[in-house]
Every structure is written in C-alpha cells, then in structure tokens.
Amino acid sequence: MTKGDEIMLLQVKDNVFYTGIRDWELRMFHGHELSTFNGSSYNSYLIRDEKTVLIDTVWSPHSETFLHMLEHEVGFAHIDMIVVNHNEPDHGGSLAALMEKIPNVEIVCSKKGEDIIRKHFQNPDWKFRTVKTGDRISIGKSELVFVDMTMIHWPDSMMTYMTGSNILFSNDAFGQHFCGSSLFADEVDESIVWAEAIKYFAGILAPFTPLIKRKVAEVIALGLPVELIAPSHGVLWRKDPLRIVSKYAEWADDYDEGYVTIAYDTMYQATRKMAEAIGHGIELEGVQMKLFNTALCDQSDLMTDFFRSKGIILGSSTVNNGLLRSLAGVLDELRGHKLKNKIGFAFGSYGWSGEAPKTLWRGLEEAGIKVVLEPVTARYTPSAEELKACRDAGRAFAKHVREEKL
Ligand code: FEO
C-alpha cells in the first residue's frame with residue numbers, strides 16, 4: 001500500500017504506525033491557558049489491515065507536514081476510513097485539508113462528533129458514520145470497537161479499541177503534554193511522564209472527575225484485553241498499560257496527597273510575611289506545605305498543586321476594596337476546576353478597608369472548598385502578635401488537615 005517498498009513511519013505495534021506530530025517547541029496550550037514546558041504531541045495513528053484506517057489528525061499549524069507525510073508514506077488513495085475520536089482543533093484541525101484530498105472517504109465519529117465537525121467546517125459534504133459504545137466495524141483481521149466518552153472532556157469524545165493488537169486509542173484520556181525521545185513511556189524518564197500526566201489531569205480533566213470515575217469502571221467492565229494505550233498527546237503506555245487507568249481511578253476519587261498549598265499575592269511583603277508565618281505553623285504540626293506567589297508562579301503548576309493538596313490557603317493584600325488581580329484569576333480557575341474534598345481559609349494584610357480576605361473566603365466556598373477557619377488579617381505591617389496569630393492559624397489548619405484525612 002505504500003508508494004515505496006519500505007514504510008518510513010514509526011511502528012507502534014504490529015500493523016499500526018505513528019502518523020502524529022511531535023511539537024517540541026510548544027510552551028502553551030489551549031491558547032495561553034496551560035503551560036507545556038516539555039512540549040506536546042498530536043498523536044495520529046495509521047492501521048494497515050485490509051482497510052487502511054487513520055485515527056485522528058493533527059493541529060492545523062502542522063497540516064502541511066501531516067499531509068506531506070501521508071501523501072509520501074501512505075498515499076492518499078490508500079486511506080479507506082478516518083476515525084475522529086474528538087474534534088477539538090488540536091486533533092481535528094487538519095481534517096478539512098485532508099478531506100480536500102480524499103473527499104469520499106468515510107469519517108467515523110460519535111453523533112455529537114458529526115455535529116461538531118459540521119459546525120467547525122461549515123457543514124461540509126462529507127460522508128459520516130456515527131458510532132456509540134459497543135459498535136464494531138470490521139477492517140479485515142481486526143475490528144474497531146467504540147467507547148463513548150461524552151464530556152471527557154468534550155461532548156463528542158470517544159475511544160477506539162482495536163481487536164487483535166488490543167490497542168486502546170484513548171484520545172485525550174491518559175495523555176500528557178510531553179514530547180519524548182521515544183514514543184513509549186517505558187523508554188523515557190517516567191518520572192517526567194507521571195508529573196506531566198497528573199498536571200494534564202489536573203488542568204483538563206479535574207472538572208469531570210465524577211464522570212471519569214463511572215467511565216473508568218465502564219471501560220474495565222467491557223473486559224477488553226489492553227496491550228497498549230495510545231493517547232492523543234504524549235507517550236504511549238506499553239508496559240503494564242493499565243497502570244495509567246488505575247491512576248485515573250485514584251485521581252478521580254477525591255484525590256489528595258495530604259499537604260497544603262498557600263497561594264498569595266503581596267504589594268509590600270506584608271501578606272508574604274503572613275503566608276510564611278502560616279506555613280511555619282503548618283510545618284510545626286508536621287504537615288507539609290508549599291508557598292506560591294500567584295503573580296510570579298506558573299498557573300498550570302499551581303493548579304496541579306491545588307489538585308494534589310488537601311488544604312488550599314489563599315492570601316491577598318486589599319487594593320481598591322478588592323483582591324490583587326492574580327488572585328481573581330486563581331479564584332476563577334478554582335471555581336471552574338470543581339476540586340473535591342479540599343479544605344481552606346483566607347488571609348491578607350490591609351491598610352484601612354480590608355475586604356480581600358472575605359472575598360477570598362467567599363470565593364473558596366463558591367469553589368466548593370470547605371472553609372474551616374475565620375480569615376486572618378493584619379493591618380499595614382504585621383506585628384509580632386499578628387505573625388503569631390498567623391502561625392497559630394497554620395497550626396490549627398494543619399490539625400484540620402490531619403483530622404479531615406481520617
Ligand atoms: Fe487534545 Fe480535547 O483535545
């Protein structure tokens with residue numbers, strides 16, 4: 001089926017090859033929302049059975065490279081079917097350019113996927129075959145089996161399982177924003193892969209944990225043997241692939257690692273001193289803590305630490321009767337991420353009106369975080385007594401952290 005004798009695509013397993021793009025330069029994803037310090041990849045796969053099937057495409061800035069690869073290594077005329085597991089532009093972005101070359105090829109997607117593709121590409125005259133959980137399509141020796149993943153994390157999301165090779169093409173689920181020296185997790189530094197996997201989960205999937213819990217159980221109940229999990233970002237899970245599924249079950253189940261994250265912004269260091277005193281009190285009680293200045297730190301990493309923490313403490317100086325702006329953004333992210341089973345409180349320095357800690361308190365409650373202490377405040381520069389009150393609040397909070405773990 002290739003134009004030459006030798007296929008120049010990297011082999012994934014058996015008759016499955018890698019047709020994705022590894023984006024070594026990427027540093028921000030979802031516009032400028034998520035940091036990707038290790039790059040990312042838009043994974044696409046080619047199955048060469050009696051039918052030749054393409055699983056997903058790549059983000060449109062890479063369309064030209066993607067199409068060139070398909071033309072030279074596969075030949076457009078050989079492609080029989082395109083599976084679109086999810087049409088967010090990082091995966092469906094090259095679909096229009098590809099369909100210009102192969103307008104009669106069938107697109108297999110979920111019902112919602114068809115709707116989204118039609119809207120994205122202005123109601124194109126393409127052939128769609130919509131599928132739902134349990135539907136099967138024979139492609140020769142193998143069958144493709146589809147699993148609906150609605151709202152994990154878009155309405156159209158689905159996974160595709162390939163019998164025979166027992167590969168789960170999981171799309172966004174089980175991915176990481178990571179560009180590795182190998183396609184496979186077991187051939188790179190897995191400590192980085194796991195750090196990126198939890199950051200990805202915290203940043204993209206955390207709002208959907210109740211659905212993920214149910215879906216992981218449903219996927220396990222299907223009883224499909226899985227020898228390889230091939231997500232749409234990052235490296236593939238080949239060695240003991242269900243490790244990442246077990247991790248998702250853990251992360252979706254009121255996850256925390258028992259430490260406290262203190263996030264503050266400060267104008268003249270008074271609120272910073274309060275943050276440090278609170279942190280000192282927490283450590284005196286034997287609980288671990290991390291401090292972040294929200295104006296300086298990476299927001300995706302901060303959200304990952306919130307996700308991993310049991311306690312979330314927010315502090316801001318009061319300015320113009322409100323918060324310093326970096327905290328306003330943090331509150332908005334916390335509300336959107338709907339983290340479960342966390343406790344918190346608020347603090348901050350002020351000169352005369354002092355609204356910020358109460359605004360943070362309300363924000364924590366709106367984000368579903370149980371506030372367990374009254375706000376702690378200090379007027380202008382915190383005195384030794386006020387710093388002691390911060391330390392005491394830290395100690396009291398640490399006790400809540402330990403008790404709430406029971
Ligand atoms: Fe990787 Fe939801 O796109």
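This text walks through a predicted model of one protein chain, from its overall make-up to two helix contacts, its aromatic rings and two single residues.

The protein chain has 12 helices and 22 strands. Its C-alpha trace spans about 80 × 40 × 35 Å along the principal axes. Of the 406 residues in the chain, 57% are buried. Sequence separation gives another view of the fold: among contacts between residues at least 6 apart in sequence, 71% join residues at least 24 apart.

Two pairs of helices can be followed in some detail. Two packed helices are described by the angle between their axes and the distance between the axes. Helix α8 covers residues 270–284 and helix α12 covers residues 384–404; their axes come within 7 Å and cross at roughly 45 degrees. An angle in the range from 35 to 65 degrees is neither roughly parallel nor roughly perpendicular, and α8 and α12 are therefore oblique to each other. Their crossing is right-handed. On the α8 side the contact is made by K273, M274, A277, I278, H280, G281, I282 and L284, and these meet L387, C390, R391, G394, R395, F397 and A398 of α12. Sorted by class, the residues of this contact are 9 nonpolar, 3 polar and 3 charged.

The second pair is formed by helix α9 (residues 299–308) and helix α10 (residues 325–337), which pack at an angle of about 50 degrees with their axes 11 Å apart. That angle makes α9 oblique to α10. The crossing of α9 and α10 is right-handed. From α9, the residues Q299, L302, M303 and F306 take part, and from α10 the residues V330, E333, L334 and H337. The contact of α9 with α10 has 5 nonpolar, 2 polar and 1 charged residues.

Next come the aromatic rings. The structure holds 13 aromatic pairs. One of them joins Y18 and Y45, whose ring centres are 6.0 Å apart; their planes stand at 75 degrees, so the pair is edge-to-face. Y18 belongs to strand β2 (residues 16–18) and Y45 to strand β7 (residues 45–48), so this pair ties together parts that are 27 residues apart in sequence. Y18 and Y45 are both buried. Elsewhere, ring pairs link F174, W194, F201, W237, Y248, W251, Y255 and F307 into a cluster.

Two single residues complete the tour. Where is S142 found? S142 sits in the loop between β12 (136–138) and β13 (143–148). Its relative accessibility is 7%, and because buried means under 20%, S142 counts as buried. Apart from residues up to four places away in sequence, S142 touches D49, I137, M162, T163 and G164.

K290 is placed in strand β18, which covers residues 289–293. Is K290 buried or partly exposed? With a relative accessible area of 36%, K290 is partly exposed. When neighbours within four places in sequence are set aside, K290 is in contact with Y259, V260, T261, I262 and D305. K290 can also be placed relative to L302, a residue of α9 in the contact with α10. K290 and L302 are 12 residues apart in sequence, and the distance between them in space is 10.0 Å, C-alpha to C-alpha.

Definitions and conventions: Residues are numbered from 1 along each chain as its sequence is written. This is a predicted model: local features need pLDDT of at least 70, side-chain atom pairs count only at pLDDT 80 or more; totals for chains, interfaces and linings use all residues. Side-chain values use heavy atoms; hydrogens and water are left out. Axes are lines fitted to C-alpha atoms, for helices over the stretch in contact, and angles run from 0 to 180 degrees between N-to-C directions. Helices (H or I, at least four residues) and strands (E, at least two) are DSSP runs, numbered from the N terminus. Angles under 35 degrees count as roughly parallel, over 145 as roughly antiparallel, 65 to 115 as roughly perpendicular and the rest as oblique. A crossing is left-handed if the near helix is turned anticlockwise from the far one by less than a right angle, and right-handed if clockwise. Contact means heavy atoms within 4.5 Å. Ala, Val, Leu, Ile, Met, Phe, Trp, Tyr, Cys and Pro count as nonpolar, Asp, Glu, Lys and Arg as charged, and the others, Gly among them, as polar. Rings of Phe, Tyr and Trp (its six-membered ring) pair if their centres lie within 6.5 Å; planes under 30 degrees apart count as stacked, over 60 as edge-to-face and the rest as tilted. Buried means under 20% relative accessible area, exposed over 50%, partly exposed in between (1.4 Å probe, protein chains only).
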